[in-house]
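Subject: Structure for you to look at

Hello,

Here is the structure I promised to pass on. Could you open it beside this email and read along?

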Amino acid sequence: MFPRFFSKFKYRKGKNKKLSEAVRNIVGFRPVNIHLYFLASQHTSVAQMNVAGKRDSYERLEFLGDAVLGMVVGEYLFKKYPFKDEGFLTEIRSRIVNRESLNRLAKKVGVNNFVEYNPGGKRHNYKYVFGNSLEALIGAVYLDHGFGRCRHFIIKRLLIPHFDLEKLIKSNTNFKSRVIEWSQKTNTSVDFIVQEIETEGHLKEFKAELIVDGNKMSEGIGNSKKKAEQIAAERAIDSIFDKKD
């Protein structure tokens, strides 16, 4: 059972109704414990302090939602592709649940209609605020309705409508490899500079800069060095291959 003090949380009726409607439009059913979804909407920049002196933001729910999402997508791919090895399954799951992908998905399904943050705050990174809140929403659904309904929400409302798996499989997303091949063919100097950056919450982040002939062409941020490099390479692909001709 969720901690008892959450039932004492007081809302303005209008705000409570608006949040409930926003969640229902995304999830497909109404919240029971509305406070879970309130937490899922709270970025650190606007979150209230609790009795322990910590901010009640979406970060703990994001942690839970990330785990549930990874498990559900992994199980779905495992059953859908029974003859594929673990490397294939890991790669396709990564393309679905990476931070860039989740941020785009969050905007598509309307998470931006309920997440609250202070865009003027300079201490915070807002780049993935919608994707992070989507993961927190998944964590809230899991705690509020259980694994079965949460799994149904992920598969029927997120995965199937918004991801063309066959197209995803056929696309060549090893952008770093393509950039390196291009550099070798054109005798161009290419380098990736990666550093860990400060973040809020439990997740590590890395920033990769793509340097072409001594000049910065693009950058990418990801939860691993490899992912950051791939994102930086992806952002430079169009410009690079324009130069090839």
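Below are my notes on a small sheet, two backbone angles and an annotated pair of residues.

First, the ground rules. This is a predicted model, in which local features need pLDDT of at least 70 and side-chain atom pairs count only at pLDDT 80 or more, while totals for chains, interfaces and linings use all residues. Residues are numbered from 1 along each chain as its sequence is written, and side-chain values use heavy atoms, with hydrogens and water left out.

**The sheet**

Three strands make an open sheet in the order β1-β2-β3, with antiparallel pairing. The edge strands, β1 and β3, each pair on one side only. From one strand to the next, the twist averages 20°. Strands here are DSSP runs of E with at least two residues, and helices are runs of H or I with at least four, numbered from the N terminus; two strands pair if DSSP finds at least two bridges between them. Axes are lines fitted to C-alpha atoms, for helices over the stretch in contact, with angles from 0 to 180 degrees between N-to-C directions.

On one side, β2 is joined to β1 (residues 190-197) by 8 bridges. Within that pairing, V194 has A208 as its bridge partner, and D191 stands opposite I211. On the other side, 7 bridges link β2 to β3 (residues 215-222), again antiparallel; here K207 is partnered by I221.

How much of β2 is buried? The strand covers residues 205-212, and 8 of its 8 residues are buried, meaning under 20% relative accessible area (exposed is over 50%, partly exposed in between; 1.4 Å probe, protein chains only). E205, K207, E209 and I211 point one way, F206, A208, L210 and V212 the other, and all are buried. You may like to look at helix α8 (residues 175-186) too: this helix lies across β1 and β2 and runs at about 150° to β1.

**Two backbone angles**

Most residues other than glycine have a negative phi. N187 is not a glycine, yet its phi is positive, at about 55°. This residue sits in the loop between α8 and β1 and is exposed, with a relative accessible area of 74%. D213 is also a non-glycine residue with a positive phi, of about 50°. D213 belongs to the turn of the hairpin formed by β2 and β3, which have 2 residues between them. Its relative accessible area is 52%, so D213 counts as exposed.

**The annotated pair**

Which residues carry the "active site" feature in UniProt? The record, an unreviewed entry, places it at D66 and E135. UniProt positions are given in the numbering used here, feature names are shortened, and annotations may be inferred rather than shown by experiment. Although the two are spread over 70 residues of sequence, they cluster in space, with a largest C-alpha distance of 5.5 Å.

D66 lies in helix α3 (residues 59-80) and is partly exposed, at 35% relative accessibility. E135 is in helix α6 (residues 129-162) and is buried, at 5% relative accessibility. Leaving aside neighbours within four places in sequence, E135 is in contact (heavy atoms within 4.5 Å) with L61, E62, G65, D66, L69 and L102.

Happy to talk any of this through.

Best wishes
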